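Let's take a walk through this protein together, one region after another. Please keep the viewer open as you read.

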Amino acid sequence: MTIDDAPRDALRGGPRELLRWVATGAAVSRADLSRLSGLSPSTVSQRVEALISQGLLEETGAGRSRGGRRPRQLAVPTGGAVVGAIDLGAHHARVGALDLSGRVVQARTLPVRIEDGPEVVLGTLLAEVATLVGGDRAASTGGAAAADGSATGALRGIGIGIPGPVQHATGRIVSPSRMPGWNGFDVAAFCAGRVDVPVIVDNDANLMALGAHRTAHPELDHAVYIKAGTGIGSGVISSGRLHRGAQGSAGDISHCRVVADPAPPCTCGNAGCLEAVASGAALVTALRGQGVPVSDLTGVIRLIDDGDRQATALARQAGRAVGEILAVVVNFFNPQVVAIGGRLADCEPLLASMRATLYERCLPLATQTLLIERVAAGQDVGITGAAHLVIDHVVAAA
Ligand SMILES: [Zn+2]
């Protein structure tokens, strides 16, 4: 299947915008939508009817009368687990079933061995999505839906986040750092052979960006989200939309070069890349190199929380490196908010030195009103972003 970028409906009053106004509570009636969009009541009504016929909007009860007949209230149907989402990480995957408003209905975390390869890993996770969606249907229908084996019948689509570069037009993975056996794998085609709903694939940083933006700052047009975990990347929101660039690699800061002496070698073949200095994997490698017996990122974070001198110094260095690259991004792009998420976002020394470097290196005009914060949406931010990818796609197709 084609993974098309949902057609632009940046024009005021496009179906996605109408739906978003209702989902966020900005509009509860056709009259509200007409006022917000500037469209005529008849045009709004036409679009609303189309969205209702697709099951993307519903009418509930009656709103407040301003004289005359009380207007029917519009709402996004909630409660049904109709969107599947997979946020794949290096060691774990978060899998969820969400409703059309992007609310998590069911979710769970599964351990994953990425080196088992795409067929095994994705096969397992797709089955889990079916179970979660089927489980919800079983709960709401007394078990009948799950029993007939058609658990995916209610599904509108599945959004998948991959911890590596994804060519957006094809859904193919291109040269991932830590995913042996996944290079060139066509995730979309593999999934299309197993489920009969649209599957949208993107990288995990983009999903985090979309999830965090829709959850915390839908009103802001320009935002940058850094995902700092085992790897490091970012997602960019420009004019309210996820900005992917020509191929889908926009925001991939992992191989930008930072000042580091000595410059550690990177998986890409260069040296001194941000990922080789500031990612969770880099911190594990650096600490081991200093003779500290640490096996994973959890161990590194524990050492930093305990105030270990070597681990804290490395975290500060990592924060400076992230701040250096981020300063270039902020000067260039002038966002309203920069937010950091991922497991390293809770690492205070890293955050403090990132923030200091950012203020030191940025133009005053760029930082005057810049919000610098943590991504607050928690462990479901990725699957929330994945669900919004699907919802946008479904609405655009409708
Ligand atoms: Zn590199």
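What follows is a tour that begins at a metal site, moves on to packed helices and ends with some individual residues. Keep in mind throughout that this is a predicted model.

A good place to begin is the zinc ion. Which protein atoms hold the zinc ion as donors? They are ND1 of His255 together with the SG atoms of Cys266, Cys268 and Cys273, and they lie 2.0 to 2.3 Å from the metal. The four donor atoms make angles of 102 to 120 degrees, and the site is tetrahedral. Four donors count as tetrahedral if all angles lie between 85 and 135 degrees, so the angles of 102 to 120 degrees at the zinc ion fit that description. If you trace the donor residues along the sequence, you will find the spacing H-x10-C-x1-C-x4-C.

Two of these cysteines can be set side by side. Cysteine 266 has a relative accessibility of 11% and is therefore buried, because buried means under 20%. Cysteine 268, at 38%, is partly exposed.

In the sequence between His255 and Cys266, you can look for a cis peptide bond, which joins aspartate 261 to proline 262 with omega at about 0 degrees. Proline 262 belongs to the loop between β12 (241–242) and α8 (274–278).

Now turn to the helices. Two packed helices are described by the angle between their axes and the distance between the axes. Helix α2 covers residues 30–37, and its buried residues are Arg30, Asp32, Leu33, Ser34 and Ser37. Just after α2 comes glycine 38, with a positive phi of about 80 degrees. Helix α3 (residues 41–53) packs against α2 at an angle of about 120 degrees, and the two axes are 9 Å apart. The pair is therefore oblique, and α2 passes α3 in a right-handed crossing.

A second pair is made by helix α11 (residues 309–333) and helix α12 (residues 348–361), whose axes come within 7 Å and cross at roughly 35 degrees. Here, too, the crossing is right-handed. What kinds of residues make up the contact of α11 with α12? There are ten nonpolar, six polar and four charged residues.

In the loop between α11 and β13 (337–341) sits asparagine 334. Its phi is near 55 degrees, a positive value in a residue other than glycine. Asparagine 334 is partly exposed, with a relative accessibility of 45%. Serine 175 also has a positive phi, near 50 degrees, and it lies in the loop between β8 (172–173) and α6 (187–192). Is serine 175 buried or exposed? At 52% relative accessibility, it counts as exposed, because the exposed class is over 50%.

Finally, look at some residue pairs that are separated along the chain. Glycine 382, in helix α14 (residues 381–397), is buried at 1% relative accessible area. Its C-alpha atom is 8.3 Å from that of alanine 212, although 170 residues separate the two in sequence. Threonine 369 is in the loop between α13 (364–367) and β14 (371–374) and is exposed at 68%. From threonine 369 to valine 337, 32 residues away along the chain, the C-alpha separation is 8.7 Å. Proline 163, in the loop between β6 (157–162) and β7 (166–167), is partly exposed at 22%. The C-alpha atoms of proline 163 and serine 177 are 8.9 Å apart, with the residues 14 apart in sequence.

Key: Residues are numbered from 1 along each chain as its sequence is written. This is a predicted model: local features need pLDDT of at least 70, side-chain atom pairs count only at pLDDT 80 or more; totals for chains, interfaces and linings use all residues. Side-chain values use heavy atoms; hydrogens and water are left out. Donors are N, O and S atoms within 2.8 Å of the metal (3.2 Å for Na, K and Ca); water is not among the atoms, so sites may look incomplete. Four donors count as tetrahedral if all angles lie between 85 and 135 degrees; four count as square planar and six as octahedral if opposite donors are over 155 degrees apart and all others between 65 and 115; anything else is irregular. Buried means under 20% relative accessible area, exposed over 50%, partly exposed in between (1.4 Å probe, protein chains only). Helices (H or I, at least four residues) and strands (E, at least two) are DSSP runs, numbered from the N terminus. Axes are lines fitted to C-alpha atoms, for helices over the stretch in contact, and angles run from 0 to 180 degrees between N-to-C directions. A crossing is left-handed if the near helix is turned anticlockwise from the far one by less than a right angle, and right-handed if clockwise. Ala, Val, Leu, Ile, Met, Phe, Trp, Tyr, Cys and Pro count as nonpolar, Asp, Glu, Lys and Arg as charged, and the others, Gly among them, as polar. Angles under 35 degrees count as roughly parallel, over 145 as roughly antiparallel, 65 to 115 as roughly perpendicular and the rest as oblique.
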